[in-house]
Amino acid sequence: VSRALGRDGPNWRVLNACPPCSYELADEPPTIFTRMYAMDGNNSLKHLAPLGGRRVGDERAVEEDELDVHVYDPTAEPDPSDATHATKPEEGDPTDGAAVVSSCTKNWKAAAAEDKKRSWGIFDETGIFASACRHGLILWLIDMVRSGELAKYPLATMAKVLEVLGQRTLGGYDIGCTFQETLKSSSLGPAFAKSRSRLCVNAFHGYSHNYQCQLHNHPNIIPGTGLEDLEVMERIFSASNHLAPIVRYASAYRRRVLIDAFFHHWDEEKYHNLGLMLYNNFRQAQEIVVRGAIELPDTLKSLNLTVQDLHEYRRQELEYFATLGAEQPRDLHAIAYVETLQELNKFLETVPADYTPTLTFLAPASGPVIYDAEMSATRKAETRRRFLREQQKVLMLEVTALEVKLGIRYRWQPGDPEYVQVVEYITKRKYHRALGRLQRLVVQRLFELHRLNLAQTAYRVRTHIAKHLQACSRAIRNAVKSYNAAAAALTPPRPPLDWQRISQMSFVEEFELLQDTNDDLREKPWSQPVVRETMRFASRTERAQEEIERVIVEVRHLHTSIRDEGVLFNVVLDDLERRRDLWHGPVLEYITRRQRVN
């Protein structure tokens with residue numbers, strides 16, 4: 001049927017299955033991004049390997065042209081002879097390309113389950129890595145073979161995106177901010193830069209990233225994204241999880257056929273609901289724009305601000321968070337120098353005032369002598385002498401080396417201005433670290449709460465998550481105590497936090513604003529809660545206006561595609577009927593169903 005309709009090309013489905021994305025028209029308004037898509041890995045559709053040397057009854061293999069959805073393995077590894085597939089050390093994490101390990105990477109690795117990162121020997125395939133357009137139609141599926149979510153899977157997807165989808169695409173990935181650096185460092189980097197494409201984080205996952213990352217990579221910030229959250233993969237996996245118990249013990253052939261059939265049906269449903277989806281998106285965006293047209297001018301008037309002021313505040317905010325918390329190498333060396341000086345001074349305080357690191361003899365004793373006891377005391381005294389001497393040498397060597405590196409001619413004393421300044425910096429640094437640990441624990445707790453509410457979560461998994469949340473809550477309470485101790489050591493002291501306030505923090509932005517220890521934020525107008533809410537609402541209104549413009553373009557794509565498809569169907573049916581082709585019946589049946597959907 002596909003051959004008769006001219007739809008059997010290698011990339012026809014990706015290029016044409018979603019008319020709103022792909023059916024471009026002449027003289028249409030330009031958009032910032034030509035295509036928007038999302039990608040992510042899921043470990044539900046695992047497949048058990050034959051154990052104990054058993055043979056699989058169904059040894060059929062799936063040919064590429066038998067699948068509507070392209071499922072492939074980007075690795076070229078030969079199958080090992082051992083049926084249990086002994087695992088190799090995992091390499092190629094999606095975040096490996098970043099020069100600096102950011103808090104986004106730490107949060108992603110902490111929140112993701114370990115079973116997504118490790119290769120399980122009992123499984124042949126440990127899940128799938130999928131991608132789909134913003135309307136939910138599948139682009140590509142990749143089998144994750146005996147591994148977790150490694151960098152090769154999103155890189156293989158990006159290779160297809162650059163080859164097939166072309167210029168100015170926007171991809172959503174839960175760790176897209178860091179993976180973009182990995183992509184630029186790979187062989188695909190030049191082609192990616194030339195295509196003027198970019199990656200970002202998904203809306204929900206984006207709130208677990210640090211606020212500086214959100215200011216650059218969150219969909220709500222990026223011009224041209226409209227109201228798209230790029231969380232389509234979460235909805236797809238929520239549905240495909242129902243397939244997991246069926247394919248877990250199936251043969252490799254049946255697993256792929258069942259996955260193909262499921263996603264083929266998924267695409268048909270999504271195509272059927274395209275019109276309704278565009279209509280709902282238009283209504284949602286229109287409501288936001290209408291509300292913004294009424295409320296935003298009044299709010300700006302009451303604050304004595306303009307839209308240009310909000311844009312300027314956004315620029316100032318970007319500049320501020322770009323430099324917040326940055327440490328210079330000299331600062332790190334100064335910290336090490338002062339900490340070593342403190343350790344040396346502490347050491348000297350514990351040594352007796354009349355102590356000299358020279359060889360001394362015990363005073364002669366009168367009376368009976370127990371030779372073994374005296375020998376033991378002598379050895380203990382000699383051991384301590386040697387230990388103290390070596391410790392003093394090491395500390396003096398470290399202090400001297402740091403003085404040479406920093407160019408210090410005279411050793412700092414506790415009352416020197418430079419010494420006092422570094423001590424204050426160390427206090428702030430401890431505060432920031434205590435705050436960072438507290439932030440990571442709260443973000444992990446938010447992720448676990450989300451997973452606890454997921455449908456189709458087994459009872460034992462929910463029980464495990466609930467126990468983990470109890471342990472995490474205790475860790476958060478301890479982190480709060482450490483934070484309050486570090487906050488009290490500041491000059492002036494920061495107000496303490498309590499459990500009630502921490503439990504209500506739902507955005508990383510609230511933690512990032514606590515990073516300021518110089519009270520600079522109090523002088524910045526964009527830090528005021530009313531102004532920040534106005535900036536957020538104005539940005540939301542701008543994205544809603546972009547969504548309206550994009551939906552109007554996509555509706556024209558869909559309408560024109562349906563009209564042109566009807567003309568194609570008539571031509572194909574007339575040709576098959578004229579030639580009395582045997583495929584006339586099946587093609588007519590397909591066209592009848594398709595026209596009813598259209």
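Two bridges make a good place to start: strand S2 (residues 47-48) is joined to S4 by 2 bridges, and the strands run antiparallel. In this pairing, His47 stands opposite Glu125 in S4. The model is a predicted one.

Now follow Glu125 to another neighbour. Its bridge partner in S5 is Val145. S4 and S5 run antiparallel, and 6 bridges join them. The two strands form a hairpin, with 4 residues between them. In the turn sits Gly136, which has a positive phi of about 95°.

S4 has a further partner, S1. S1 and strand S4 (residues 123-133) pair over 6 bridges, in the antiparallel sense. Two positions show how they line up. Ala38 stands opposite Ala132 in S4. Met39 stands opposite Ser131 in S4. How many of the residues of S4 are buried? The count is 11 of its 11 residues, so S4 is mostly covered.

S1 pairs with S6 as well. Here the strands run parallel, and 4 bridges join S1 to strand S6 (residues 169-172). Met36 has Leu170 as its bridge partner in S6.

Is S1 itself buried or exposed? It is mostly covered, with 8 of its 8 residues buried. In a regular strand, side chains alternate between the two faces of the sheet. In S1, both faces are covered. Arg35, Tyr37, Met39 and Gly41 lie on one side, and these residues are buried. Met36, Ala38, Asp40 and Asn42 lie on the other, and they are buried too.

From the strands, turn to the cores. In soluble globular proteins, nonpolar side chains tend to be buried together. The largest nonpolar core here has 25 residues. Which residues have the most contacts inside it? They are Met158, Leu165, Phe179, Leu183 and Leu199. The elements that give two or more residues to this core are strand S1 (35-42), strand S5 (138-145), helix H4 (152-165) and helix H5 (176-185). H4 gives the most, with 8 residues.

Leu183 offers a close view of these contacts. Leaving out residues up to four places away in sequence, Leu183 touches Leu155, Met158, Leu188, Gly189, Phe192 and Leu199. There is also a second, separate core, of 18 residues. Among its members are Ile128, Leu243, Val247 and Phe263.

Next comes a loop residue, Asn202. It is found between strand S7 (198-200) and helix H7 (203-206). Is Asn202 buried or exposed? Its relative accessibility is 5%, so Asn202 counts as buried. What does its side chain reach? One contact is with the backbone nitrogen of Asp174, at 2.9 Å. Another involves Leu230, whose backbone oxygen lies 2.5 Å from a polar atom of the Asn202 side chain.

The wider surroundings of Asn202 can be listed too. Not counting residues up to four places away in sequence, Asn202 touches Ala38, Gly172, Tyr173, Asp174, His218, Pro219, Asp229, Leu230 and Glu231. Ala38 is already familiar as the residue that stands opposite Ala132 in S4.

The cysteines come next. How many disulfides does a search of the whole structure find? The result is 0. Take Cys21. The closest cysteine sulfur, in Cys18, is 3.6 Å from the sulfur of Cys21, which is too far for a bond. A disulfide needs the two sulfur atoms to be within 2.5 Å. Cys21 is buried, with a relative accessible area of 7%.

Cys177 is also in no disulfide. The nearest cysteine sulfur to it is that of Cys213, 3.6 Å away. Cys177 counts as buried, at 12% relative accessibility.

Finally, step back to the whole chain. The protein chain comes to 21 helices and 7 strands. Of its 598 residues, 43% count as buried. Its accessible surface comes to about 33300 Å², and 54% of this belongs to carbon and sulfur atoms. Which contacts span the sequence? Among contacts between residues at least 6 apart in sequence, 79% join residues at least 24 apart.

Conventions: Residues numbered from 1 in each chain as written. Predicted model: local features only at pLDDT ≥ 70, side-chain atom pairs only at ≥ 80, totals over all residues. Heavy atoms only, no water. Core = buried A, V, L, I, M, F, W, Y, C linked by side-chain atoms within 4.5 Å. Buried < 20%, exposed > 50% of the residue type's maximum accessible area, 1.4 Å probe, protein only. Contact = heavy atoms within 4.5 Å. Polar contact = N/O pair within 3.5 Å; in protein donor to acceptor, adjacent residues only side chain to side chain. Pairing = 2+ DSSP bridges. Areas by Shrake-Rupley, 256 points an atom, 1.4 Å probe, with all protein chains shown as cover.
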